Amino acid sequence: MQPTHNTLSGNIRAQSVELLNKHLAAAIDLHAQVKQAHWNVRGPGFMAIHALFDQVSTEVENYSDMIAERAGGLGGTAHGTVQTAAERTFLVPYPLGIAGEKQHVFAISGTLAAFGESLREAVGQATKFGDVDTADMFTEISRGVDHQLWFVESHLEPR
């Protein structure tokens, strides 16, 4: 940990940085998965879904920045390389070889939902060990992920 005038204890900051890096790895993976879908989607709704996936990937990249910058601001090191993300992500690997828009929408929906669920758990964890600002940031990102999930799922057939 780097020295900082942040008034959170070193123990709390270390726990937060660990939790942040866990989610940074997943956010980097999520960004890559959305770009995979963006590049490979095919079907009659191509333009709309292609553009949607581009929008989602931009939002997810912003979440990565927020997470990494919070880790750095707490005196930690953001572990944001692709290699580290591949080793540490908790997300299910993206199914390569799919092309249909419904397949991509389904896959991205599941990944967004899994990331959102973990963010909600992180809110509780950060609150429990005393970092309400990190918890608040995770809440903000969770709301954003849920919003993106709504956009993506809106391309599924109603039941």
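Within helix α5, the buried residues are Thr134, Ala135, Met137, Phe138, Ile141, Ser142, Gly144, Val145, Gln148, Leu149 and Val152. These positions belong to a predicted model, and the cover over the buried residues of α5 includes α1, α2 and α4. The report starts from this helix and then turns to the chain as a whole, the other helices, the core and several single residues.

**Overall architecture**

The chain contains five helices and zero strands. Read from the N terminus, its elements follow the order α-α-α-α-α. The radius of gyration is 17 Å, close to the 15 Å that the globule rule gives for 159 residues, so the chain is as compact as a globular protein of that length. Along the principal axes, the C-alpha atoms fill a box of roughly 55 × 30 × 20 Å.

Of the 159 residues in the chain, 43% are buried. Among contacts between residues at least 6 apart in sequence, 80% join residues at least 24 apart.

**Three of the helices**

The table sets out the lengths and spans of α2, α4 and α5.

| Helix | Residues in helix | Expected span at 1.5 Å a residue | Distance between end C-alpha atoms |
|---|---|---|---|
| α2 | 28 residues | 40 Å | 40 Å |
| α4 | 29 residues | 42 Å | 42 Å |
| α5 | 22 residues | 32 Å | 31 Å |

For α2, which covers residues 46–73, the reach from the first C-alpha to the last is close to the expected value. In α4 the distance between the end C-alpha atoms agrees with the expected span, and agreement is also found for α5.

The buried residues of α2 are Ile49, Leu52, Phe53, Val56, Ser57, Val60, Tyr63, Ser64, Ile67, Arg70 and Ala71. They pack against α1 (10–40), α4 (101–129) and α5 (132–153).

Two glycines follow helices directly. Just after α2, glycine 75 has a positive phi of about 95°. Just after α4, glycine 130 has a positive phi of about 100°.

**The nonpolar core**

The largest nonpolar core has 43 residues, of which Phe53, Ile108, Leu112, Phe115, Phe138, Ile141 and Val152 touch the most other members. At least two residues of this core come from each of α1, α2, α4 and α5. The greatest contribution is that of α1, with 12 residues. In soluble globular proteins, nonpolar side chains tend to be buried together.

Phenylalanine 115 illustrates the contacts of one such residue. Setting aside residues up to four places away in sequence, phenylalanine 115 touches His23, Ala26, Ala27, Leu30, Phe90, Leu91, Ile141 and Val145. As for aromatic pairs, a search of the whole structure finds one.

**Individual residues**

Glutamine 148 is located in helix α5. With a relative accessibility of 4%, glutamine 148 counts as buried, because buried means under 20% relative accessible area. Apart from its neighbours within four places in sequence, glutamine 148 is in contact with Gln55, Val56, Glu59, Tyr63 and Leu112. Among these partners, Val56 and Tyr63 are listed with the buried residues of α2, and Leu112 is one of the core residues that touch the most other members.

Another glutamine, at position 125, is found in helix α4. Glutamine 125 is partly exposed, with a relative accessible area of 36%. Its C-alpha lies 7.8 Å from that of alanine 135, which is 10 residues apart from it in sequence. Alanine 135 itself is buried in α5.

Lysine 22 lies in helix α1 and is partly exposed, with a relative accessible area of 36%. Not counting residues up to four places away in sequence, lysine 22 touches Phe90 and Ser118. Lysine 22 lies over the face of phenylalanine 90, at 5.4 Å from the ring centre. Lysine 22 and serine 64 are 42 residues apart in sequence, with 11 Å between their C-alpha atoms. Serine 64 is one of the buried residues of α2.

Valine 82 belongs to helix α3, which covers residues 82–88. At 62% relative accessibility, valine 82 counts as exposed. The C-alpha atoms of valine 82 and alanine 32 are separated by 9.5 Å, although these residues are 50 residues apart along the chain.

Note on methods:
Residues numbered from 1 in each chain as written. Predicted model: local features only at pLDDT ≥ 70, side-chain atom pairs only at ≥ 80, totals over all residues. Heavy atoms only, no water. Helix = DSSP H or I, 4+ residues; strand = E, 2+ residues; numbered from the N terminus. Expected span 1.5 Å × (residues − 1). Buried < 20%, exposed > 50% of the residue type's maximum accessible area, 1.4 Å probe, protein only. Contact = heavy atoms within 4.5 Å. Core = buried A, V, L, I, M, F, W, Y, C linked by side-chain atoms within 4.5 Å. Phe/Tyr/Trp six-rings, centres within 6.5 Å; stacked < 30°, edge-to-face > 60°. Lys NZ or Arg CZ within 6 Å of the ring centre and 35° of its normal. Rg over C-alpha atoms; globule rule 2.2 N^0.38 Å.
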